[in-house]
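Good morning, and thank you for making time for this. I would like to take you through the architecture of one protein chain, beginning with its strands.

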Amino acid sequence: MTPRNVEFKLNVLLLREGEMWIAQCLDYDIAAQGRTIAAAKQAFAHTFAGQVLVDVHNNVQPLQGFEQAPPEYWEKFKQADNGGAART
C-alpha cells in the first residue's frame, strides 16, 4: 500500500469494570484497558494504531476484517450521559 493520510472517526465507550477501565470501540470491535481513564485511552490508541500499521504492512485495507462492536455496547453508549458514564 502507498503511504497516505487516513482519518478515522470513532465512537469509543469507556466502561469501568472492577478496578479497570475499558475503552471499547463501537465502529470496530477493538478494545483496550487501563487502571485509569487516561491509561485506557492511551492503551486503546496504541492498540488501534498498531492494528492499522499491521494491516498496512500486510498490504490490506486497514481494519477490513473487523465488525462493529456487539449491540450491547451500542446500547450502553446510547444510554450514557454527557459525562460518559453509563446509567444503571
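Strand β1 is joined to strand β2, residues 20-25, by six bridges, and the two run antiparallel. The model is predicted: local features require pLDDT of at least 70 and side-chain atom pairs pLDDT 80 or more, whereas totals for chains, interfaces and linings use all residues. Residues are numbered from 1 along each chain as its sequence is written, and side-chain values use heavy atoms, with hydrogens and water left out. Strands are DSSP runs of E with at least two residues, helices are runs of H or I with at least four, and both are numbered from the N terminus. Two strands count as paired if DSSP finds at least two bridges between them.

Within this first pairing, Arg-16 stands opposite Trp-21 of β2, and Leu-13 has Gln-24 of β2 as its bridge partner. The hairpin of β1 and β2 has two residues between the strands, and there Gly-18 takes a positive phi near 65°.

Let me continue to the other side of β2. Four bridges join β2 to β3, again in antiparallel fashion, and this hairpin has five residues between its strands.

The sheet as a whole is open, with three strands in the order β1-β2-β3 and antiparallel pairing. Because β1 (12-17) and β3 (31-34) stand at the edges with a single partner strand each, one side of each is left without a neighbour in the sheet. From one strand to the next, the twist averages 20°. Angles here run from 0 to 180 degrees between N-to-C directions, with axes fitted as lines to C-alpha atoms, for helices over the stretch in contact.

Two helices pack on this sheet. Helix α1, residues 37-57, touches β1, β2 and β3, and its direction makes about 145° with that of β3. Helix α2, residues 71-79, touches β1 and β2, and its direction makes about 95° with that of β1. Contact in this sense means heavy atoms within 4.5 Å. Along the chain from the N terminus, the order of elements is β-β-β-α-α.

How much of β2 is buried? Five of its six residues are, so the strand is largely enclosed by the rest of the structure. Buried means under 20% relative accessible area, exposed means over 50%, and partly exposed lies in between, with a 1.4 Å probe and protein chains only. Of the 88 residues of the chain, 24% count as buried.

Gln-24 deserves a closer look. This residue lies in strand β2 and is buried, with a relative accessible area of 5%. Its bridge partner in β3 is Ala-31. The side chain of Gln-24 also makes a polar contact with the side chain of Asp-29, at 3.0 Å. A polar contact is a pair of N or O atoms within 3.5 Å; within protein, one must be able to donate a hydrogen and the other to accept it, and residues adjacent in sequence count only if both atoms are side-chain atoms. Beyond its neighbours within four places in sequence, Gln-24 is in contact with residues including Asn-11, Val-12, Ile-30, Ala-69 and Tyr-73.

I turn finally to the aromatic residues. A search of the whole structure finds five aromatic pairs. Rings of Phe, Tyr and Trp (its six-membered ring) pair if their centres lie within 6.5 Å; planes under 30 degrees apart count as stacked, over 60 as edge-to-face and the rest as tilted. The ring centres of Tyr-28 and Phe-48 are 6.2 Å apart with planes at 50°, so this pair is tilted. It links distant parts of the chain, 20 residues apart: Tyr-28 sits in the loop between β2 and β3, and Phe-48 in helix α1. Phe-48 is buried, at 8% relative accessibility. Together with Phe-8 and Phe-44, these two residues form one aromatic cluster.

Trp-74 and Phe-77 make an edge-to-face pair, 6.5 Å centre to centre and with 80° between the planes. Both are in helix α2 and, being three residues apart, they are separated by about one helical turn. Phe-77 is partly exposed, with a relative accessible area of 30%.
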